[in-house]
Amino acid sequence: MAAAAPTPSSAAISKNPSLDCKPKLTSRFTLPFPHLSQKPAGASISHRRRLQISSVLSYTNKQIVQEEETFVSRFAADEPRKGSDVLVEALEREGVTDVFAYPGGASMEIHQALTRSTTIRNVLPRHEQGGVFAAEGYARASGKPGVCIATSGPGATNLVSGLADALLDSVPLVAITGQVPRRMIGTDAFQETPIVEVTRSITKHNYLVLDVEDIPRVVKEAFFIARSGRPGPVLIDVPKDIQQQMVVPNWDQPMRLGGYLSRLPKPPNQMLLEQIIRLISESKKPVLYVGGGCLNSSEELKRFVELTGIPVASTLMGLGSYPGSDEDFALQMLGMHGTVYANYAVDKSDLLLAFGVRFDDRVTGKLEAFASRAKIVHIDIDSAEIGKNKIPHVSICADLKLALEGLNSILEEKIRKLNLDFSEWRTELKEQKTKFPLSFKTFGDLIPPQYAIQTLDELTGGEAIITTGVGQHQMWAAQFYKYNRPRQWLTSAGLGAMGFGLPAAIGAAVAKPEAVVVDIDGDGSFMMNVQELATVRVENLPVKIMLLNNQHLGMVVQWEDRFYKANRAHTFLGNPANESEIFPDMLKFAEACGVPAARVSKKEELRAAIQKMLDTPGPYLLDVIVPHQEHVLPMIPSGGAFKDVITEGDGRTKY
């Protein structure tokens with residue numbers, strides 16, 4: 001048996017009735033599962049239909065390709081093998097090619113089995129948190145579940161921040177932990193933590209495997225849960241004696257997810273889709289508010305904007321779902337550090353189309369004042385998000401890709417009759433863009449951090465995959481780099497986990513080896529997982545690190561300047577005995593790990609330094625010294641409204 005913890009939340013929706021409209025829409029979840037035709041257990045060569053389950057739904061009149069693949073096991077049909085070998089083969093059968101695993105006493109058997117795999121590569125992190133963040137970076141860049149493995153006790157608890165981050169940002173992740181032997185569970189054994197209980201509220205689902213024969217089913221279910229509905233992290237805890245037990249696995253066990261399957265999203269109601277089109281036709285100042293739920297629906301979103309002419313404001317998670325370089329329709333990011341014109345658009349709008357968002361406090365500020373003039377349409381895959389913070393006038397709980405396909409179908413049929421024209425509204429917003437552009441000041445030959453990011457955008461042609469830590473550099477990277485495609489912008493948005501940038505870049509570089517991957521980091525965040533420089537070097541990953549080094553915890557300093565009379569409360573990260581020196585010397589960290597590095601402190605030298613970073617094969621660290629007085633602007637203070645927006649000032653001014 002496998003004891004499974006209940007899901008704290010999931011995309012709750014009942015059954016899958018067909019939709020009475022043309023083209024007919026249906027969910028990919030209604031497809032028959034491979035286990036329905038039973039096969040003999042333990043076959044050494046098995047034919048399997050690779051069914052990619054995701055939150056993406058499709059038309060029934062499009063042929064769904066199920067690739068017939070032959071999986072060749074390393075073991076004979078009836079040959080007993082260890083539970084750890086069954087676990088690794090289960091990962092192989094899910095199409096896993098890369099894992100981020102750090103060994104320990106309770107997970108040694110899994111690592112031994114990994115060495116016997118010819119298809120799975122282990123990228124060895126230097127800390128379990130680095131491993132889980134790297135798995136997240138892999139998942140965010142590729143759209144496929146990331147896999148990390150850790151030992152019991154402290155190894156498992158070091159995954160906690162990454163699991164919480166994946167849950168908040170809806171990232172598909174499968175975390176596997178070793179556990180003490182079953183007979184020792186609950187005895188306070190060496191390196192024992194009840195990781196299922198610890199992570200119950202920060203995973204989409206989790207398992208404690210108590211029967212070795214359950215491993216094939218549990219792994220199959222874990223991947224299905226991680227990537228279906230609203231994606232999220234799933235944890236599998238495997239006791240060491242289970243890993244060591246000999247078994248002939250049955251690969252055709254059916255999944256036992258009746259309750260979960262019944263709550264997966266159904267196709268959107270045609271009547272509600274037509275009601276949304278009617279609201280659009282009646283509005284004068286509509287605006288799209290798009291989030292992370294749009295990342296799998298970028299093409300459909302672009303078509304919707306093309307058909308309607310509605311401007312697009314994005315959340316931090318949604319950047320890239322609509323091209324940021326589109327001057328006609330893109331309003332860039334909204335929220336606390338969003339553009340004035342994006343927040344103006346939401347404040348003045350009469351119709352807010354909230355697609356794949358959760359009305360986060362960093363977006364809304366004062367809830368009562370947010371989009372107070374607008375009718376609200378909310379489409380999201382997770383029913384728990386609808387009405388949680390802001391009550392919508394029309395809501396649809398469904399896969400956004402399917403909803404947008406339905407809306408576009410209606411628009412294409414009725415576009416001439418609707419006669420949509422929002423040119424006056426867009427002209428009004430362009431005036432706001434001209435009046436309140438994103439800007440920054442230059443002080444002598446110092447390097448403005450915003451300028452550094454702008455220069456990187458130019459030199460990479462806006463094509464790089466960007467990862468960040470958390471803080472001022474994260475917000476500037478969101479503002480001054482233009483993201484034109486989904487999965488190009490990887491950041492810890494909901495949790496705001498410092499130390500995310502470098503390991504996430506590792507995961508992205510593994511997932512997308514042909515891409516330019518740049519970690520735009522701050523000195524505070526970078527120090528939290530600096531040990532992963534060793535991983536970058538050993539794996540020879542072409543990760544570029546542009547470190548915006550201001551010797552301070554910049555965002556906290558900004559709040560100290562604005563709200564605490566610039567009283568410094570432990571936010572200086574340098575050496576108080578010698579404040580003029582750069583401390584610690586980041587170049588020496590790089591040198592210790594054999595990573596090429598350079599430092600630049602003058603604006604006129606920056607472009608050439610960034611170009612050299614990009615041209616150098618393999619990893620590279622560029623330490624960019626920037627002034628700590630810079631503030632991220634615009635800024636709407638926490639709990640404030642659009643009328644409270646701050647557009648001027650920095651740490652050189654007293655407040």
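Which residues are linked with Arg140 in a network of salt bridges? The points below take up this question first and then turn to the sheets, the helices packed on them and some individual sites.

1. The network of salt bridges consists of Glu136, Arg140, Asp165 and Asp169. The model is a predicted one. Within the network, the side chains of Arg140 and Asp165 form a salt bridge with an N to O distance of 3.0 Å. This pair joins distant parts of the chain, since Arg140 belongs to helix α3 (residues 128-142) and Asp165 to helix α5 (residues 160-168), 25 residues apart. Both Asp165 and Arg140 are buried.

2. The two helices that carry this pair also pack on each other. The axes of α3 and α5 approach within 8 Å and cross at roughly 25°; α3 is therefore roughly parallel to α5. On the α3 side the contact is made by Gln129, Val132, Phe133, Glu136 and Arg140, and on the α5 side by Ser161, Gly162, Leu163, Asp165 and Ala166. Glu136, Arg140 and Asp165 thus appear in this contact as well as in the salt-bridge network.

3. As to the overall composition, the protein has 23 helices and 25 strands. Of its 655 residues, 59% are buried. Among contacts between residues at least 6 apart in sequence, 75% join residues at least 24 apart.

4. One open sheet has six strands in the order β16-β15-β14-β17-β18-β19, and the pairing is parallel. Its edges are β16 (330-333) and β19 (394-397); each has a single partner strand, so one side of each is left without a neighbour in the sheet. On average, neighbouring strands of this sheet are turned by 15° against each other, direction ignored. At the β19 edge, β18 (residues 375-380) pairs with β19 in the parallel sense over four bridges, and Val377 has Val394 of β19 as its bridge partner. Helix α11 (residues 298-308) lies across β14 (286-290), β15 (312-314) and β17 (351-355), and runs at about 170° to β14.

5. The loop between β18 and β19 contributes a further salt bridge. Glu385 and Arg230 meet there through their side chains at 2.8 Å, N to O. Glu385 lies in the loop between β18 and β19, whereas Arg230 lies in the loop between α7 (215-227) and β12 (233-239); the two are 155 residues apart. Both Glu385 and Arg230 are buried.

6. A further open sheet of six strands, with parallel pairing, has the order β21-β20-β22-β23-β25-β24. Here β21 (489-490) and β24 (597-600) are the edge strands, each pairing on one side only. Strand β20 (residues 465-468) is paired with β21 in the parallel sense over two bridges, and the bridge partner of Thr467 in β21 is Leu490.

7. Which strands of this sheet does α18 touch? Helix α18 packs on the sheet against β20, β21, β22 (517-522) and β23 (543-549), and its direction makes about 175° with that of β22. In α18 (residues 501-511), eleven of eleven residues are buried; among them are Leu502, Ile506 and Val510. Helix α23 (residues 603-615) lies across β22, β23, β24 and β25, running at about 165° to β25.

8. His473 is part of helix α17 (residues 472-480). With a relative accessible area of 5%, His473 is buried. Beyond its neighbours within four places in sequence, His473 is in contact with Ile453, Thr468, Ile520, Asp521, Gly522, Ser525 and Leu548.

9. The structure holds 38 salt bridges. One of interest for its burial values joins Arg652 and Glu630, with the closest N and O atoms 3.5 Å apart. Both residues lie in the segment after β25 (620-625), so the pair ties together parts that are 22 residues apart in sequence. Is each partner buried or partly exposed? Arg652, at 34% relative accessibility, counts as partly exposed, while Glu630, at 5%, counts as buried.

10. A last point concerns an annotation. In an unreviewed entry, UniProt lists residues 408-435 as "coiled-coil region". In the model, the chain over residues 408-435 is 86% helix and 0% strand, and the C-alpha atoms at its ends are 34 Å apart.

Conventions: Residues numbered from 1 in each chain as written. Predicted model: local features only at pLDDT ≥ 70, side-chain atom pairs only at ≥ 80, totals over all residues. Heavy atoms only, no water. UniProt positions renumbered as here; feature names shortened; annotations may be inferred. Pairing = 2+ DSSP bridges. Axes fitted to C-alpha atoms, helices over the stretch in contact; angles between N-to-C directions. Contact = heavy atoms within 4.5 Å. Buried < 20%, exposed > 50% of the residue type's maximum accessible area, 1.4 Å probe, protein only. Salt bridge = Lys/Arg side-chain N within 4 Å of Asp/Glu carboxyl O. Parallel < 35°, antiparallel > 145°, perpendicular 65-115°, else oblique.
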